[in-house]
Amino acid sequence: MNCILSKKPGSYTVVKVEGHGRKFYELGIIPGSVLTLINIRNQGPITVRLGNSKIAIGRQLASSIFVI
């Protein structure tokens with residue numbers, strides 16, 4: 001289980017989210033959901049696909065998402 005910021009583009013299953021529970025719940029990022037990491041750079045937000053939606057997530061918020 002690693003933070004999504006340490007991953008390369010690809011599909012991952014969310015194992016745990018820390019803090020920001022309501023925000024993640026509203027986005028549909030909950031344990032068991034599958035995220036596809038589309039774009040990750042050294043700076044700025046990351047882009048993920050969740051279902052048919054593309055979501056940009058700030059790095060601080062993204063550091064709370066743990067995936068396998």
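# Close-up views of a predicted model

**View 1. Strand 2 and strand 3, with Ser11 and its partner.** Ser11 has Thr36 as its bridge partner in strand 3. The model is predicted, so that local features are given only at pLDDT of at least 70 and side-chain atom pairs only at pLDDT 80 or more, whereas totals for chains, interfaces and linings use all residues. Residues are numbered from 1 along each chain as its sequence is written, and side-chain values use heavy atoms, with hydrogens and water left out. Strand 2 covers residues 10-17 and strand 3 covers residues 34-39, where strands (E, at least two residues) and helices (H or I, at least four) are DSSP runs numbered from the N terminus. These two strands are antiparallel and are joined by four bridges, pairing being accepted when DSSP finds at least two bridges between two strands.

**View 2. The open sheet and its edges.** The sheet is built from six strands in the order 1-6-2-3-4-5, is open, and has antiparallel pairing. Strand 1 (2-3) and strand 5 each have a single partner strand and therefore stand at the edges, with one side of each left without a neighbour in the sheet. Between strand 2 and strand 6 (residues 65-67) the pairing is antiparallel and consists of three bridges; Lys16 is matched there with Phe66 in strand 6.

**View 3. Asn39 and the hairpin of strand 3 and strand 4.** Strand 3 and strand 4 run antiparallel, with three bridges between them, and Asn39, a residue of strand 3, is bridged to Thr47 in strand 4. The hairpin that these strands form leaves six residues between them, among them Gly44, whose phi is positive and near 80 degrees. When residues up to four places away in sequence are not counted, Asn39 touches Ile46 and Thr47, contact meaning heavy atoms within 4.5 Å. Asn39 counts as partly exposed because its relative accessible area is 24%, the classes being buried under 20%, exposed over 50% and partly exposed in between (1.4 Å probe, protein chains only). From C-alpha to C-alpha, Asn39 and Val15 are 20 Å apart in space, with a separation of 24 residues in sequence.

**View 4. The hairpin of strand 4 and strand 5.** Strand 4 (residues 46-50) and strand 5 (residues 53-57) are held in antiparallel pairing by five bridges, and Arg49 lies opposite Lys54 of strand 5. Two residues separate the strands of this hairpin, and Gly51 in the turn adopts a positive phi of about 65 degrees.

**View 5. Leu61 in helix 2.** Leu61 belongs to helix 2 (residues 59-62) and counts as buried because its relative accessibility is 16%. Apart from neighbours within four places in sequence, the residues in contact with Leu61 are His20, Lys23 and Phe24. One of these, His20, is 41 residues away from Leu61 along the chain, yet their C-alpha atoms are separated by 7.7 Å.

**View 6. Two salt bridges.** Two salt bridges are found in a search of the whole structure, the term denoting a side-chain nitrogen of Lys or Arg within 4 Å of a carboxyl oxygen of Asp or Glu. One of them joins Glu18 to Lys16, with 3.2 Å between the closest N and O atoms; Glu18 is partly exposed because its relative accessibility is 38%, and Lys16 is likewise partly exposed, at 32%. The side chains of Arg22 and Glu26 also form a salt bridge, at 3.0 Å from N to O. Arg22 and Glu26 are separated by about one helical turn because they lie four residues apart in helix 1 (residues 21-27), and Arg22 is exposed at 67% relative accessibility, as is Glu26 at 55%.

**View 7. A nonpolar surface patch and the annotated segment.** Met1, Val15 and Ile68 make up a nonpolar patch on the surface, with a joint accessible area of about 290 Å². Patch members have over 30% relative accessible area and no salt bridge, with like charges joined within 9 Å and nonpolar side chains (Val, Leu, Ile, Met, Phe, Trp, Tyr) within 5 Å; the areas come from the Shrake-Rupley method with a 1.4 Å probe, and for residues only the protein chains shown count as cover. Val15, placed in strand 2, counts as partly exposed because its relative accessibility is 33%. An unreviewed UniProt entry lists residues 3-68 as "domain: Ferrous iron transporter FeoA-like", in the numbering used here, with feature names shortened and annotations that may be inferred rather than shown by experiment. Over residues 3-68 the chain is 17% helix and 42% strand, and the C-alpha atoms at the ends are 9 Å apart.
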